[in-house]
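Let's take a walk through this structure together. Have a look at the chain below, and then we will go from a surface detail to the overall picture.

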Amino acid sequence: ILLLCVSGMRAEPARYSVPEEAERGSFVANIAKDLGLTGEELLARQARLVPEGEKQYFQLNQHTGDLVVREQMDREELCGQSEPCLVRFEVLLESPLQSFRAEVRLTDINDHAPVFLNKEIVLKIPESAVPETRFLLESAHDPDVGNNSLQHYSISSNEYFLVYTRRRSDGRRYAELVLHRALDREQQAEVAFSITAVDGGNPPRSGTALIRVVVLDINDNIPVFTRSLYKVSIMENSPQDAIVVVVSARDLDSGTNGEIAYSIFQNSEENLQTFKINAETGQIRLKKPLDYEEKKTYEIDVQATDGGGLSTHCKVEVQVKDVNDNAPEVIITSLTSTLSEAAPPNTVVALFNVRDRDSGDNGRTTCELTGAQPFRITLLAADAYALVTSETLDREQVEEYNVTVRARDEGSPALSVSKTLHVRLLDVNDNAPTFTQAVYTMVMSENEPAGRSLGRLRATDPDAGENARVRYALVPPLTGTLAAASFVSVDAESGIVRSLRPLDYEKVPAFEVTVRAADGGSPPLSAQAVLRIVVRDENDNTPVLLHPPPDSSAAGELVPRWAPSGYLVAKVVAVDADAGQNAWLSYELAKATEPGLFRVGLHSGEVRTARAVTERDAARQRLIVLVRDRGQPPRSATATLAVALVDDFSDAFHQLGHDPASGQQPQVDEEEMLTTYLIASLVCVSSLFLLSVLVLTANTLCKARVRAELSPPSPSCYADGDFVTDSVDVGGTGTLSPAYRYEMCLTSGSGRSEFQFLRPVLP
């Protein structure tokens, strides 16, 4: 970038001219043509003018490249008597950054006429003055310069005097009155004529004053200065009333004709305002402080007049020495107070000039930034700088900067000035929202009504404004998955999660959905989190009996008369679809024919004899077992068992088919019908058994080849310890006890077949 800037700067500025007082919109030059650019290029590269001072006098048309006058300019007001009068500016182009210096010279027009400070000039000349004696006249003032300034003087016709126009060292012209013919006071005591100052304009302008010459009586000696030219220098910080120089003159006459009075000749109003002289001692002192930056040299005409009216003149040249009394000035010509945080390095933030009114080392300046900030200063031209970014910006780390530019001169002691620029960064959507948790877990009760608040999601975005406004939404599930998004909803603004419908724990114990948080930027950025909803089980399911079946009126069990205490009669098996404490089941004997004969395991559901069976016990017992869970409130179910006490199993059907408590004998026809039922049942069972054997045999023959490639078939009956770990563990559910084994037979290769428990193995 620096190489581009240096290559883009012209060694010599472009020079133009325009007359002062030119109307607004007056054409000056075509910048585009001089730079070799088209109007479209000027517009594309955002060409603009950067004035050297604080005021912009010209305007650039970016479409045509024309440089026109923006505001009327008075050359005398801007530059005074200085020539040439230049208005400097820079043409700044971007993409790439280039700077071209240019200056417009204001040509003077004759808009001022010469003016005498005094409309009447009185001269006292002795009658003894010889011809060709010269007398200095008060100068007229014309603020124009060049040919438009004062060019010559002329006087009206008279027989005594002529006028000559002289030039000073600074180029200004003054008049000398020359005596052409000797004066005679007795003939004419006063001579009056007019003097005219004419400038060189077209048409010329002029100013006139009246000269009155008073003829004095003879005084044959005039004062004489010791030196005709006094050259002195004085520091610009000299205090008021400080002595500048002491001039001295003497007169050979005596008496009043030898008394000398000093005065400053009225050749400049500025000299009269700046200096004063002691009429008796000739001491010249300051009336006000000097300023090197305003004026560097003064030329004073001092007149010495004796008591007889004779006078003489000398010159005093005062050189003002510069003192480092002016701190540098930082002039901001262009400032971008708001900057996008996405601005790349070398983005121009501000353009400024540094100016020091002092001269020499006192006027040489350097520029720097204070503090560590992502900015730097680039030199565009002499005393013209650009403040640019040096690295990428991040509004989330620093939202605004106070950039302090310090300018320092090389004087002794050095003076400096600081200028603070406030730069605020505009937000760019460069940060995605962030959830406070990767996984949110919320709990809802089973059967909880819709609309209940389950919790709140929270995501933060370090951006600002709309870029930080976070909105929440559920991510649509994949096709074919559980429509969990229909169970809950998320408020887009607050992130509050609400249930949409009641849930059944037994169907949906828990589910997960994906939640997205998106900001309001363009394009929007988003983040995702997992929302896990756990359904808390409620005791809404009654225990279900597996054995005995709930649809049977009563299950029959046989107990021998010789059964000791603790004999296993039956096992009540029940399950509960709930979970946790709601599924913990307990068993108790609710009702029995003889309550003391049987007992029920609290957690196993096993019905055992509480004591040994005696002959006095009724042959037929009826038991009601209550199964209750531990929910709040608890739910329960009952199982009915019919127990027959038999001497041996031959009369089992007889005992189960009669009620011993009734005392009545069975009828003959009932026994015959029972026998018929038993024979029919035996035939059916035998037929089913033979059919099963045939099917299994056919299945075995068909899969012989498959079994040959696999490991040898497992035994058809499993003994103790042969159960593998992945078999069904009924006791693990909390409803069946693992303390009892049940006889089970399977055919070879029937690992996928269903089976059922027949009954406990009797001892």
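Which residues form a nonpolar patch on the surface, together with about 230 Å² of accessible area? They are Val 544, Leu 546 and Val 575. Keep in mind as you look that this is a predicted model. One member of the patch, Val 544, sits in strand S43, which covers residues 544-547. Val 544 has a relative accessibility of 44%, and because this lies between the 20% limit for buried and the 50% limit for exposed, Val 544 counts as partly exposed.

Now let's step back to the chain. Its 763 residues include 39% that count as buried, and its accessible surface amounts to about 41,900 Å². Carbon and sulfur atoms contribute 52% of that surface. In secondary structure, you will find 51 strands and 8 helices. Among contacts with a separation of 6 or more, 67% come from residues 24 or more positions apart.

For a helical stretch, turn to residues 674-697, where an unreviewed UniProt entry places a "transmembrane region". In the model, this segment is 100% helix and 0% strand, and the C-alpha atoms at its ends are 35 Å apart.

For strand pairing, try S30 (residues 375-381) and S31 (residues 384-389), which run antiparallel and are joined by 6 bridges. Within this pair, Ile 377 has Leu 387 in S31 as its bridge partner. The two strands make a hairpin with 2 residues between them. Look in the turn for Asp 383, whose phi is positive, at about 65°.

Key: Residues numbered from 1 in each chain as written. Predicted model: local features only at pLDDT ≥ 70, side-chain atom pairs only at ≥ 80, totals over all residues. Heavy atoms only, no water. UniProt positions renumbered as here; feature names shortened; annotations may be inferred. Helix = DSSP H or I, 4+ residues; strand = E, 2+ residues; numbered from the N terminus. Buried < 20%, exposed > 50% of the residue type's maximum accessible area, 1.4 Å probe, protein only. Contact = heavy atoms within 4.5 Å. Areas by Shrake-Rupley, 256 points an atom, 1.4 Å probe, with all protein chains shown as cover. Patch = residues over 30% accessible without salt bridge, like charges linked within 9 Å, V, L, I, M, F, W, Y side chains within 5 Å. Salt bridge = Lys/Arg side-chain N within 4 Å of Asp/Glu carboxyl O. Pairing = 2+ DSSP bridges.
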